[in-house]
Amino acid sequence: MPARIAETGGNAVTLGCQKFYPHNQGAWLVWLHGLLGRGDDWLPVVNACDQYASLVIDLPGHGSSADITLKGGFAEMSELLDATLSEQQIDDYWLIGYSLGGRIAMYHATHGKHDGLRGLLVEGGNPGLPTQQDRTVRLQHDKHWAQRFRQEPIESVLIDWYQQPVFADLTSEPREQLLHIRSQNSGSCIADMLENTSLAHQSWLVPDLQQLNMPFSYLCGENDCKFQEIAARYSLPLKTIPQVGHNAHYGNSVAFSAAVNHFLSLFG
């Protein structure tokens, strides 16, 4: 269903989303995609987790939420997530997020209103930057990319985007597939979301994650050296997905789905 404005005494925005297997009993799985993605990215995994009801969300500036501009960073994003879950009458759920979606999920679990949140599965999400110097460097990095997304044809920007080291494991065919799919985005919308959810603006979440009092799994492709190192450095509860890099659910959806289903089975 598309994003819409809910009349709740003000103009409370809710995000575009789709429901799958809604008649299943128990807690819902709520899926958050990464930058440049859309909810449909999760469908192979959602279908492999078909014993659970799933809500697949399009983040601001993406898919059916393309007309929503985030201005208040992670705090506003967490409120948008709350409003969307409330509208969909979901009050018992797991959060599963990839990359940017994982960062949003971690923020929501540690700083948001998370009544009804059972636990957290994060795929390749950065828990934050520990120093102001790191954040300053990252802000310049993200501003550079945002400027390019606003000013250049998105197809040209994406060619360089997928040359970044974190995507080094992509072979030519999946890289071309991603270039085709991601070029359907609006460059200006992506730029807005990139700036507003820059890692430079994200809270340092590691201390809160290490004290999290809910089930938490940190999923990471075995070839994703950067995020394997992050998991080891901060003692995050790592589950490795074999034979893939950063976008593990895309590169090996079978193994990723099996890891999700196994983790969820441990908690009824």
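A helix here is a run of at least four residues that DSSP labels H or I, and helices are numbered from the N terminus. Keep that in mind as we tour this structure, which is a predicted model.

**The pocket**

Let's start with some empty space. Rolling a probe the size of a water molecule over the atoms shows where empty space is left. The largest pocket holds about 590 Å³ of space. It is lined by 29 residues, and those closest to its centre are Ser 99, Arg 138, Trp 161, Val 166 and His 246. Which helices each supply at least two residues of the lining? They include H3, H4 (132-151) and H9 (225-233).

**Helix H3**

H3 covers residues 100-111, and we can check its length with a bit of arithmetic. With twelve residues at 1.5 Å a residue, H3 should span 16 Å, and its end C-alpha atoms are indeed 16 Å apart, so the two agree.

Is H3 mostly enclosed or mostly open? Eleven of its twelve residues are buried, so H3 is largely enclosed by the rest of the structure. Among the buried ones are Arg 103, Tyr 107 and His 108. The cover over these buried residues includes strands S4 (28-32), S6 (93-98) and S7 (117-123), along with helices H2 (73-87), H7 (187-196) and H8 (206-210).

Now zoom in on Met 106, which sits in H3. Buried means under 20% relative accessible area. Met 106 has 0% relative accessibility, so it counts as buried. Setting aside neighbours within four places in sequence, Met 106 touches Leu 120, Val 122, Gly 125, Asn 126, Pro 127, Leu 205 and Leu 209. As for Leu 35, it is 71 residues from Met 106 in sequence and 16 Å away in space, C-alpha to C-alpha.

**Strand S4**

S4 was part of the cover over H3, and S4 has plenty of cover too: five of its five residues are buried, so it is largely enclosed by the rest of the structure. In a regular strand the side chains alternate between the two faces of the sheet. In S4, Trp 28, Val 30 and Leu 32 point one way, while Leu 29 and Trp 31 point the other way.

Here is how S4 pairs up with other strands:

| Partner of S4 | Bridges | Direction | A bridge pair |
|---|---|---|---|
| S6 | Five bridges | parallel | Trp 31 with Ile 96 |
| S5 (residues 54-57) | Four bridges | parallel | Leu 29 with Ser 54 |

What links S4 and S5 into a unit? Helix H1 (residues 43-48) joins them in a right-handed β-α-β unit.

Technical notes
Residues are numbered from 1 along each chain as its sequence is written. This is a predicted model: local features need pLDDT of at least 70, side-chain atom pairs count only at pLDDT 80 or more; totals for chains, interfaces and linings use all residues. Side-chain values use heavy atoms; hydrogens and water are left out. The expected span of a helix is 1.5 Å times one less than its number of residues. Buried means under 20% relative accessible area, exposed over 50%, partly exposed in between (1.4 Å probe, protein chains only). Contact means heavy atoms within 4.5 Å. Two strands pair if DSSP finds at least two bridges between them. A crossover is right-handed if, with the strands pointing away from the viewer, the path from the first strand over the helix to the second runs clockwise. On a 1 Å grid over the protein atoms alone, a cavity is a set of points where a 1.4 Å probe fits but cannot get out, and a pocket is an open set with protein on both sides within 12 Å along at least five of seven lines; lining residues have an atom within 4 Å of a point. Grid points are joined across faces, edges and corners, and a volume is the space filled by probe spheres set on the points.
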